[in-house]
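Open the model in your viewer and keep the selection tool at hand. The stops below say what to select and what is there.

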Amino acid sequence: MGQIDSAINAFKKALEHNPNLYEAHFSLGRSYQRLDDAGRAYIHYSNACNTRPHAAEPRYYLGLMHQSHGAHELAKRCFAEALRVEPTFISPEVEEDETLINRSEEEVVQWYYRLSDDLKHQGYEEEAERIYRALLQWRPIEYTAHYLLGNLLARTRRWDEALGEYGSIPPQDKHYVTARLRMSAVLRLLKKTKEAYELLYECAKLHPGNGQLFLSMGKLLYDMGRLSAARRAFERAVQLLPQDPQANYLLGFLYMTLGRENWTLAAWRKAVELAPDSHSLRYDLGYIYVRRGRYDLAAREFEYVLDKWPEDVETNFMLGLCYKELMEPGRAIALFEKVLRRNPRHSQALFYLGACYLQIGNTSLGKAYLRRYDHLLRQNQTTYAAQRNGRLQRPVPSISSSM
């Protein structure tokens, strides 16, 4: 009757009662095919095949769908599979079967990509993988498919297969640099840091103007303990990516590691300027202001962070510390008390809370908090000593007993 949407709703309802109902899956495939929704049609035809492995009909219509979009090689495979599982199958006379559609190779390739994207978005990654492999069997030089298949394999931790797909992309292809970055990330996960760096180094020789390469090289050099080389890589990344907040932040972090706080401050200010809504960047910038005694500037950063993360314990504490140093003990007290409600064993909050109460003249309460601080400190020292003695007293196995 042409009421496809109503039919789809009815078939879906049927599947709610019986998820393995072959007729419902097959009919949904036919319905979605009528609507030219290739992704959903493919899924339900595949479900019909899984539900009834010896049924040729869903494979046949799957072939018609491929054929209607010009994917004749994939269509042939479906028709052959239909005859293999049901040798006596007689194809029904349908309108789609009467006309072969002629499309350009580029149109067919784009249809493969659209179908794969539909399948991935609906969570059918195995089916998407099959489509990519079918496309590559037909056109091995389709390097975008190699790249996308590599991403799919990497997400499922099939590292060696992913590296193989990425590695097949030649230097002249648009995905070459990104594929090398992905390969490096995989090697880093496999603890092959040196290999990951060497891969990017060779790539950077071909693409010396790519900032992402130098950013990743800097991270790897830091992991390898080569701090001076990491600094040079991050500096080059910032030159090439001056508007990238991460590049500026990492350069500042490296400067901090090397003890160059002035340079750190400049880099992190730039990072915050580029990403003003990044709360973690603002927290780190506030922290370095505290180290340099600029409590007014630090307070401004922590106030912004606290507006977005009102329950963060450490931000409350750091802002309280700033207020105390700015001679605003009343505002500091409220923050330190909030910290202690969340973490009663926060020793620094106890100490500064006691100091604030002494500052405003409430001597009895100030001394009470300082006594609690001393008690907590002694408890921690006793616990640490007991743990240390326990480790020292643990019997060491002799060589003979461990043989």
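**Stop 1: a serine in a helix**

Select S116, which sits in helix 6 (residues 105-121); helices here are DSSP runs of H or I with at least four residues, strands are runs of E with at least two, and both are numbered from the N terminus. This is a predicted model, in which local features need pLDDT of at least 70, side-chain atom pairs count only at pLDDT 80 or more, and totals for chains, interfaces and linings use all residues. Residues are numbered from 1 along each chain as its sequence is written, and side-chain values use heavy atoms, with hydrogens and water left out.

Is S116 buried or exposed? S116 counts as buried, at 0% relative accessibility; buried means under 20% relative accessible area, exposed over 50%, and partly exposed in between, with a 1.4 Å probe and protein chains only. Show its neighbours next: leaving out residues up to four places away in sequence, S116 touches A128, I131 and Y132, where contact means heavy atoms within 4.5 Å.

**Stop 2: loops on either side of helix 9**

Select R157, in the loop between helix 8 (143-155) and helix 9. R157 is not a glycine, yet its phi is positive, about 60 degrees. With 61% relative accessibility, R157 counts as exposed.

Now go to P171, in the loop between helix 9 (159-167) and helix 10 (176-189). P171 counts as partly exposed, at 43% relative accessibility. Add L206 to the selection: it is 35 residues from P171 along the chain, and their C-alpha atoms are separated by 8.2 Å. Not counting residues up to four places away in sequence, P171 touches Y176, L206 and H207.

**Stop 3: helix 17**

Select residues 295-308, which form helix 17 and number 14. From first C-alpha to last, helix 17 reaches 20 Å, close to the 20 Å expected at 1.5 Å a residue; the expected span is 1.5 Å times one less than the number of residues.

Which residues of helix 17 are buried? They are L297, A298, A299, E301, F302, V305 and L306. To see what the buried residues of helix 17 pack against, show helix 15 (261-274), helix 16 (279-291), helix 18 (313-325) and helix 19 (329-342).

**Stop 4: helix 18 with helix 20**

Keep helix 18 and add helix 20 (residues 347-359): their axes come within 11 Å and cross at roughly 30 degrees. Helix 18 is therefore roughly parallel to helix 20; angles under 35 degrees count as roughly parallel, over 145 as roughly antiparallel, 65 to 115 as roughly perpendicular and the rest as oblique. Axes are lines fitted to C-alpha atoms, for helices over the stretch in contact, and angles run from 0 to 180 degrees between N-to-C directions.

The crossing of helix 18 and helix 20 is left-handed, that is, the near helix is turned anticlockwise from the far one by less than a right angle, whereas clockwise would be right-handed. Show side chains at the interface: F317, L321 and K324 of helix 18 meet Q348, A349, Y352, A355, C356 and Q359 of helix 20.

**Stop 5: M327 and the cysteines**

Select M327, in the loop between helix 18 and helix 19. M327 has a positive phi, near 65 degrees, and is a residue other than glycine. M327 counts as exposed, at 60% relative accessibility.

Finish with the cysteines. How many disulfides are there? The count comes to 0 disulfides, a disulfide being a pair of cysteine sulfur atoms within 2.5 Å. C356 is in no disulfide, and the nearest cysteine sulfur, that of C322, is 12 Å away. C356 is buried, with a relative accessible area of 0%.
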